[in-house]
Structure formats: C-alpha cells, structure tokens
Amino acid sequence: MRIGLLTDGGYPYATGDSRLWCDRLVRGLERHEFDLYALSRSAQQEDHGWIELPPQVQRVRTAPLWAPEDDGHTYGRRERRRFLGHFKHLATAVCVDGGGDGFVDFAEGLYGLAELAREHGGLYAALRSELAVRVLESACRAPGARRTLHAATVPDYLAFADELERALRPLSLDWYGDDSLGAVDLCHAASGGSAALPGLLAKRFFGVPLLVTEYGVQLRAHYLAAGDGRVSPPVRALLAAFQGRLAAEVYTQASVITPGNSHARRWQEKCGADRAKLRTVYPGMAAERFAAVGDGNDSGEPHTLVWVGRIEPAKDLIALLHAFAEVRKAEPQARLRLFGAPVQGPEAVTYLEHCKALAAQLFPDEAADAHAVGDNPVSFEEIGGPEAPELADAYASGGVVVLSSVVEGFPISLVEAMFCGRATVSTDVGAVVEVIGGTGLVVPPRNPRALADACVALLRDQERRDRLGAAARARALELFTIEQNLTAFRGIYLELISHSPVRRYAVDEHGEPLPFSYPAEAYVEASRPAAGAGDSWARAPRWADGSDRRPAPPSLIGLAAAAGMAAATHEAPAAAAAKEART
C-alpha cells in the first residue's frame, strides 16, 4: 500500500524529533511505499539536510513553518466575506470557554479556511490583516469568552494572529491534489498538532483514513513551552485554547491513535480521544547495539553510579548531585559518572557550568596522600569520548544506572540501561513506572534523600543488582524492540485499509469508467499486482467530490451486464429496421 507519512520538525531531516523511529518504520516495512510530507522548524534544520532515505520512499514534499509564505494573493469582496465567516467560527471556538458548540465552530472554521485556501490561496495575508484582528478583538470581548482574554490588547491580538498563521500554514500548501495526498491509501501522522493537519484535509477532501502516533503528546509539550513567560497571559490562553481544539479535532477524525505509553494515553483521553481508538504501541529501539553488554558477564564497576542523557534542567542533575553527597557518606568509595551528548544552546551550556560548579563545591578534589593528585568522584563526560566511544560503553561502566528527571515522556535512557542488563534507580515521572515494571527501584522526584537511599541499597547488594538487571533486560527485549513496533504498525495498516479502503476507479481520458479494466485476479488479494505495476488501476484518479462516501468499484458481473445492455441498446434499432425491410 501507499502511505503518506506526515512529520513536523523531524524525519527526513538529520535533526529533530521522530526521525529515528520514522526511519526504522520506513525501512522495516519495505513492502509498502512511502510518500513523505515534512514540515521543517528552522533554517538550521534545513541546512543540516536529510538522512539517507531507503528506496521505498517514493516522494518527499517539504514546507517551512519558520519562514513567511505569502503567495501574493489578496481577496476580493466575495472571498473576504467567506474568510470573515469562517474565521469568526474559528475565533469564537478558541475564545469561548468550555466544549459544546465550540468544537463544531472550530471544525467549521478550520475546514472552511482550508477550502478557501485551496481554491484561492491568500490565507497568509488574510490571517495577518486588520479584519482578522478586529474579529479576534470582538471574540475576546464577547459574552462567554475566557476571563483571561478580557485583558487582551492590540499587541496581544497581533502576536496571536502571527502564531495562528504559522500553525495554520499547512492549510495553504499544494499537497491536496489527486497526485499527492489524494493518491495515498493511508495518512500516518508522526505527531499531533501541525503535522496532523494535512491528514485532516486528506480525509476531508479524499476520504483517506488517518492514523496518529504520539510518543510525546504535542499538547502537553505546548503547555510546558508556553509557561516560559515569553508571551503575555492572554496570548498564552489563546494559544492553549487553539492547540486544545486542534488536538480534539485530530483525535475525533483519526481512525486509530497510537500513544507510545500509558502516560501519553491519559493525556489523549483528557483531550477527548475515544478509548476505542487508542492502541498503545511502544517505541521500537535497536537492542542489538547493547547485546554485547547485556549478554556479557561484566556487571560493571560495583561502586559506580551512571547517568546518561541530555544535560538540561528537566533532568534535575542538581538533585542527583545532592543525592550523591548522601551516597558518599554511606559509601565513601562510590563514584558518579555523568555521560551526555555535546551541549547545544546557551541555556544548556549555563546549566552544565552550574552543575560542574556545584560538583566542585560538594566534592573537593581528594588525594590519597600529600604527593598524589586530587581526584573528584564526579566526572562529566561526553559520549564518543575516550572513556565511552559508544553509548553501550557508558552503561557498561557502572553497576547502577540513575535517572533523576522531574519531567520525562518515554524514558529512552532507561530502556537502554535495561537492554544492557543494568539495575536502575529512577524518579516516578512520565512513563517510568510503566517501562520499568518492577525491575528497578522508583522514588519520588525532587527527593535527594530517597534517591540516595535507593542507590545505596543497590550498591551494597550485588546479587540484587544482578537479579534486577536480568529481569530488566528480559522485559526490554519483550516490549521495546524494533520488531514488536513494526509488527504492531503492520497490523494496524492492514486493519485500517480493510475497514476504510479508499475506492478508486480506472477511467479513460475523459474521466469515464473503463469496463473490464480490472482483471479477475485483482479481486484475489494474494495475486493482486503491486502498486505501480501494470496499468493505471493502482494509481487511477478517484471520484473527488469532497464527501467521504465513495462508490465501490463495479464488479466484473456488473460491468458485463452494463456492457451487454449497452450492446443490446445499440443493436435494437438495426434489428427493427431489418425486420421492417423484410416485411
């Protein structure tokens, strides 16, 4: 089948989210064809280029969300009237508090703007126009509007209009034709939010079923990012309301939703997702790269704690350092090795320097005697350096792996430690408890004392470490491998196509159905020709009347009967004339 894979800020770019699991998905399902529709997030991301794509990727379409995309079109009186009506519905849905008619208004406004953009373009200028600002002001001041919006000012309206235009930019793309998203059998969005917008329109215009996968809930990520104080409270409330309405519409229209863990599943249910549509599919990870460590007999340095991850405030290394100070009081020989990727951005650099300063303060360099060089029990190391040239080497260097995060989605580093057969101590955040499943110790976040006690308990008990490590590896191999991920999506693809097939006709140059164009073998699944092979039946234009109802392909018997009736109709006058001549 032909899959339209929709991404936002990730695959096929070399940087960004979702690139790894999307690449594994495409490479693993080699019998399917993939068309990629990717939104980029920055010029830097585009400058880094794409990763190498496998041959089953047939087409790649990209569009930037970071650069203005003014098509130069302006609306006449009739188009302005249409825009005004649709935008009023959208603005009312965003500003009103609660559900009910708000969901209907949002859908009506969203799809109305999409149809207007498809027919006439011009959405960029319209969303940034004075007319749009007036509509926003009226909606914010209307009865029933959210209380926070009553204090909104003109700069707030302008700021929200700018963010809204960027979020709705996928509506103006040229991806919605019979030869693009209209030609796929299934749309698979790698996240919610803007990535799923093209999938919504493909279903609206062509009836293509939509599958949405979220390993990190887009709405939750937006809420966390919106709390940084960069925008005013009214703008923050408007953005949160828009993202909430969009998430609800995506979950409503999706045929199947696949959260990556129960933590993401709970968020989706709170945002209106139907439980009957939810199928948990854990991310697939490459277990073979950790096989040498996991299958080996070396259980690591028994007095060493290991932390692996991105160095950022959410990982709460400050609490980990304070916890290690308590560990050193109980186990003076203990060491803490922190392995991270090269830091990027000023915030990460500042946080790393702060952590190093705290480590130097808590643990002054120690020396065995007056002539020896002092050594700090805490080390900050980069993955790929001399001590850990490979990621597996970092986990192999210690007996216990620690995760101290205060915010976490799916804990990838924890799964990697499980593949390596290491005992773990983790904070109870995100999907940690679901992932660890009783094969490691879990403590409350922001509690250095509890973290230290758990670490000391494992450092003092080699047999317990080995037992937990073996159980953790067995659990990871059962639940978190690439094979189980591919098997799950292969089954979901086939299920969606069987329940919601996109019907296509084989037609002639005039758009009329071709009788007898389907060979009898086409109705036998095992012998059906591969997509793209033979005649145009696999890629024929569809009846695109804008509705979701499609007539089924005519059966061979029906076509034969129709052809026979047509022949009889043409032969009847000739037979009558011959009879009259004989008379």
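**Two sheets and a helix crossing**

Trainee: What makes the six strands S9-S8-S7-S10-S11-S12 an open sheet, and where are its edges?

Mentor: That is the order of the strands, and their pairing is parallel. Two strands pair if DSSP finds at least two bridges between them. S9 (378–382) and S12 (441–443) each have a single partner strand, so one side of each has no neighbour in the sheet. On average, neighbouring strands here are turned by 25° against each other, direction ignored. The model is predicted: local features need pLDDT of at least 70, side-chain atom pairs count only at pLDDT 80 or more, and totals for chains, interfaces and linings use all residues. Numbering runs from 1 along each chain as its sequence is written, and side-chain values use heavy atoms, with hydrogens and water left out.

Trainee: How do you know that S10 and S11 pair?

Mentor: Count the bridges. Strand S10 (residues 398–403) and strand S11 (residues 423–427) share four, in the parallel sense. The cut-off is at least two bridges, so they count as paired. Valine 402 stands opposite valine 425 in S11.

Trainee: Which helix packs on this sheet?

Mentor: Helix H19 (residues 462–479) does, touching strand S7 (301–309), S10, S11 and S12. Its direction makes about 80° with that of S11. Contact means heavy atoms within 4.5 Å.

Trainee: Why are H3 and H10 called roughly perpendicular?

Mentor: Helix H3 (residues 77–95) and helix H10 (residues 233–253) pack at about 105°, with axes 8 Å apart. Axes are lines fitted to C-alpha atoms, for helices over the stretch in contact; angles run from 0 to 180 degrees between N-to-C directions. Under 35 degrees counts as roughly parallel, over 145 as roughly antiparallel, 65 to 115 as roughly perpendicular, and the rest as oblique. H3 and H10 are therefore roughly perpendicular.

Trainee: Which residues make that contact?

Mentor: Ala93, Val94 and Cys95 of H3 meet Leu238, Ala241, Phe242 and Arg245 of H10.

Trainee: What makes strand S3 and strand S6 edge strands?

Mentor: They belong to an open sheet of six strands, in the order S3-S2-S1-S4-S5-S6, with parallel pairing. S3 (57–64) and S6 (256–259) each pair on one side only. Neighbouring strands of this sheet are turned by 15° on average, direction ignored.

Trainee: How many bridges join S4 and S5?

Mentor: Three, in the parallel sense, between S4 (residues 186–189) and S5 (residues 210–214). Histidine 188 stands opposite leucine 211 in S5.
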